[in-house]
Protein chains: 2
Amino acid sequence: MVEVASRRLPHPSRIVIFGITGDLAARYLVPALAALEKAGRLAAGLEIVGVGRSEISDVELRSRLRTGADGVALDSPVIDRIAYKRAALDDQSALGDVVRGGGPAAIYLAIPPSLIERAIRTVRSAAPAVGTRIVVEKPFGEDLESARRLNALLHDAFPEDAVFRVDHFLHKQTVQNLLGIRFANRVFEPLWNRENVEQVEIRWDERVGLEGRAGYYDRAGALRDMIQNHLLQLVSLVGMEAPATMTARDLRDRKVEFLRAVRGPTRDEVVEGSLRARYGPGRVGDRELPAYVDEEGVDPGRDTETFAEVTLRVDNWRWADVPFILRTGKAIGQDKREIVVRYRDVPHLAFGADYQPMPNLLRLELNPDRLALGLNINGRGDPFDLEELELSADLAPERLPAYARVLLAVLEGDPVLSIRDDEAEESWRIVEPILDAWSSDAVPMLEYPAGSRGPAESRCRDGSDERR
Amino acid sequence: MVEVASRRLPHPSRIVIFGITGDLAARYLVPALAALEKAGRLAAGLEIVGVGRSEISDVELRSRLRTGADGVALDSPVIDRIAYKRAALDDQSALGDVVRGGGPAAIYLAIPPSLIERAIRTVRSAAPAVGTRIVVEKPFGEDLESARRLNALLHDAFPEDAVFRVDHFLHKQTVQNLLGIRFANRVFEPLWNRENVEQVEIRWDERVGLEGRAGYYDRAGALRDMIQNHLLQLVSLVGMEAPATMTARDLRDRKVEFLRAVRGPTRDEVVEGSLRARYGPGRVGDRELPAYVDEEGVDPGRDTETFAEVTLRVDNWRWADVPFILRTGKAIGQDKREIVVRYRDVPHLAFGADYQPMPNLLRLELNPDRLALGLNINGRGDPFDLEELELSADLAPERLPAYARVLLAVLEGDPVLSIRDDEAEESWRIVEPILDAWSSDAVPMLEYPAGSRGPAESRCRDGSDERR
């Protein structure tokens, strides 16, 4: 597939990680570099520079990184390649060389949202070499206006193809399988429409609670933290039209085309079709959790939700009137991360009326990754009774963690799985009316016990319940 | 579902098995009665009478039946219920009471084809009670003309709904699953047509060779033994339109509608689209087999095939130009009994051209029973490469053997899975031109080594080969 104007950025001579002492670097980026090194996918000559404000030496930094995060020690020769650069983010004189010197760089902003604009300004004023790319993490802004401002700021310094807005969900192999499933098989795409699909559910329930992340999470909440970015990306892979090629232009054009067709819900639609909730005290497995509002660092006055569900409508020919339900929650009793395409009932059932067949469900589960198709077959007793059967396959574990693939795409200058400027803005356009209605209390804040299934009002149907 | 005029036959007071000393009775019918008894599905008052010509007592018969067939002993209280009646099939005075006395009977003709007409005449002249049903086995005639004659003879004595032409394949649970798969699921039927299906394969390869059955088999051959009945029945379940109800009238109307649309091949089409072959000497597993023509009881002059393959065309809107390939062989290296729906390629592949995706295959395997759907998904390396994945589920073992279900249908007077008169005739209409062309040597007799995959010319594509 040749893409028009698909010149890729040159390989960078170094990667510069702003925020090397932070959580993201320790938990994801350095392990990802280690995984690339181990897989022989990291250029031997690539310099690695970590920028931070802590008063530590290279040796101390490396020792910390070896200690790792979440109690997982990391032992990799890549750690010895990391040079530490101590500097404040707005210290242009200290950072000029790091940004500019020695050819194009990959600059990874692994820093809190409040510091992003300042960092971009510093990078810009250092006049980075042509071919330098910049990587920004979620959250990309906190509403439509701030996202636009951020885009404008980035475009002052970088062409769009040198801006990598990361959504590591897109780098999960099983998420990418949505593309294969839809567009490399004859059996799904012809039925992938309102004639045959009743409902789409994207669900990201997690057992984990706040886990000490109040500083970030209490300002974000479930809607901003998960739905505005990750789950909308999943939805766009489920809902988009078939791209002519899998290149950056076509794939992202089709995703944006879909997002543009997602209706920004009216206030009434938000009231009717969304849920927000937070967890009360409860037990998840063998852990007792306090109520969210009693977690350390949480300000109950912010009214932050730990569970969010929205029902989106897509105003196009393929999907008119088909609900797309996006749901995510923390401290739910069972991890459940899946994309479920729920097919309509058969138009006429020739079998006995005693048994109401289950709708067919195509289920793409993540963590562990599994693909399943729920069917009805003849029963074992009376041949004209029905019973359920699930065809399934476990998906092979990923060879590289998602963040290693993120870095690979950045280093190779391939933006196909990066969020384009217009995608980021469309996502905020969709979510903003929900944020507005919620912040004006048009939708009640529900409570669910930690360890429960979440609010009973959810429209996500639990296949395993229905079966009983 | 209420069927118009669906009055069922009354329960019979007894079952009369003509040929109780024969192979079919020992291998299938008596074990089936035992299974029904064990499952509590056999009326306690049902008399069981076995008719044969051997000079043995009840006690001797029962002892033989306990010895069982194929070295499998059978221990069941049902055996003690079998009363032996010694009589020649045309001995009307001896058989009058057995056929007529004590209310309606179920008369099972478990006898060689050469004796069928005589037995029917005997039964008819005994004037059986209203509600008596008669069961006939394959082969139902040996060509269209003899099948018509047999139907006429049967209709002289019985209404069509009292005639059970048995195809025990239809009583296999996994065969019945074709109905559930197609008509109780949304995901298959909309694509079940020429737009989306490239080819249908019905394959019945067996490792067993002749196994001492030359007396029957050498006169029948693979085409008559398997394709004319069993495989055409499977094809009609795959190809028929959706029945409005699963009752005897609708289901069989739809099967006949399909069979009537199957083209009786021209001589050129037979030459072009059929294969016949017989096995030469070889080894299947650890058994050495002689060439078929050297097996005991085989007359090489009969030119009997042990492998047959025909490609059928269906002249209707749903299936025009889609080949239906029916294949069966003995002494093949690997048992392979399956129905494969091979979908067309996707119309456009947006992924890299390096990898040609497999066509999707829906595979219904029998013995052991398994349902599988072959798909393409994203590869584990480059996300835009593809690799294969098979969703599958093993199907639960049958609760009752197929022949127990055959008997149950006969005893309950339910003809839904019995072959109707017109079905039997249509099947011969389809097969007869092939028999004619073969017997005039228009198609060469190939040879394949016992234990091989059969003739290399087969149009059945072996999915597991293609994958490599």
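This is a short tour of a predicted model, stop by stop, with something to select at each one.

**Stop 1: the two chains**

Start by colouring chain A and chain B separately. Chain A can be laid on chain B by a turn of 180 degrees with a shift of 0.0 Å along the axis, and the RMSD is 0.0 Å. The two copies are thus related as by a two-fold rotation axis. Now look at where the chains touch. Of the interface residues of chain A, 100% are also interface residues in chain B, so the copies meet through the same surface.

**Stop 2: the open sheet of chain A**

Hide chain B for a moment and show chain A as a cartoon. Look for an open sheet of six strands with parallel pairing, in the order β3-β2-β1-β4-β5-β6. Its edge strands are β3 (82–86) and β6 (163–165) of chain A, each of which pairs on one side only. Sight across the strands: neighbours in this sheet are turned by 20 degrees against each other on average, direction ignored.

Next, select residues 47–52 of chain A, which make up strand β2, joined to β3(A) by five bridges, with the two running parallel. For a single pair to click on, try I48(A), whose bridge partner in β3(A) is I82(A).

Two helices are worth adding to the view. Select residues 92–100 of chain A to see helix α3, which lies across β1 (14–18), β2, β3 and β4 (105–109) of chain A and runs at about 145 degrees to β1(A). Then select residues 402–412 of chain A for helix α10, lying across β1, β4, β5 (133–136) and β6 of chain A, at about 140 degrees to β4(A).

**Stop 3: the sheet of chain B**

Switch to chain B. Here too, six strands form an open sheet with parallel pairing, in the order β3-β2-β1-β4-β5-β6. The strands that pair on one side only, at the edges, are β3 (82–86) and β6 of chain B.

Select residues 14–18 and 105–109 of chain B: these are β1 and β4, which pair in the parallel sense over five bridges. Within this pairing, V16(B) has I107(B) as its bridge partner in β4(B). Helix α1 (residues 23–38) of chain B lies across β1, β2 (47–52), β3 and β4 of chain B, at about 165 degrees to β1(B). Helix α10(B) also packs on the sheet, touching β1, β4, β5 (133–136) and β6 of chain B.

Move one step along to β5(B), which is joined to β4(B) by four bridges and runs parallel to it. I107(B) stands opposite I134(B) in β5(B). Show the side chains of β5(B): which way does each one point? R133(B) and V135(B) point one way, I134(B) and V136(B) the other way, and all are buried.

**Stop 4: strand β7 of chain B**

Select residues 197–205 of chain B, strand β7. Eight of its nine residues are buried, so β7(B) is largely enclosed by the rest of the structure. One of its partners is strand β13 (residues 336–343) of chain B, paired in the antiparallel sense over eight bridges; there, V200(B) stands opposite V341(B). Another partner is strand β12 (residues 324–329) of chain B, which pairs with β7(B) in the parallel sense over six bridges. W204(B) stands opposite T328(B) in β12(B).

**Stop 5: aromatic rings**

Across all chains, the structure holds 16 aromatic pairs. Zoom in on F169(B) and W204(B): their ring centres are 4.5 Å apart and their planes meet at 45 degrees, so the pair is tilted. F169(B) sits in the loop between β6 (163–165) and α6 (173–183) of chain B, and the pair links parts of the chain 35 residues apart. How buried or exposed is F169(B)? F169(B) is buried, with a relative accessible area of 4%, and W204(B) is buried at 4% too.

Keep F169(B) in view and add K172(B), which lies over the face of that ring, 5.0 Å from its centre. In chain A, K172(A) lies over the face of F169(A), also at 5.0 Å from the ring centre. While in chain A, select Y217(A), Y279(A), Y292(A), F307(A) and Y448(A), a cluster linked by ring pairs.

**Stop 6: R420(B)**

Finish with R420(B), in the loop between α10 (402–412) and α11 (421–439) of chain B. R420(B) counts as buried, at 10% relative accessibility. Leaving aside neighbours within four places in sequence, its contacts include E160(B), R165(B) and D253(B).

Note on methods: Residues are numbered from 1 along each chain as its sequence is written. Chains are lettered from A and ligands numbered from 1 in the order in which they are written. This is a predicted model: local features need pLDDT of at least 70, side-chain atom pairs count only at pLDDT 80 or more; totals for chains, interfaces and linings use all residues. Side-chain values use heavy atoms; hydrogens and water are left out. Rings of Phe, Tyr and Trp (its six-membered ring) pair if their centres lie within 6.5 Å; planes under 30 degrees apart count as stacked, over 60 as edge-to-face and the rest as tilted. Buried means under 20% relative accessible area, exposed over 50%, partly exposed in between (1.4 Å probe, protein chains only). A charge sits over a ring if NZ of Lys or CZ of Arg is within 6 Å of the ring centre and within 35 degrees of the ring normal. Copies are superposed by least squares on the C-alpha atoms of residues with pLDDT of at least 70 in both. Contact means heavy atoms within 4.5 Å. Two strands pair if DSSP finds at least two bridges between them. Axes are lines fitted to C-alpha atoms, for helices over the stretch in contact, and angles run from 0 to 180 degrees between N-to-C directions.
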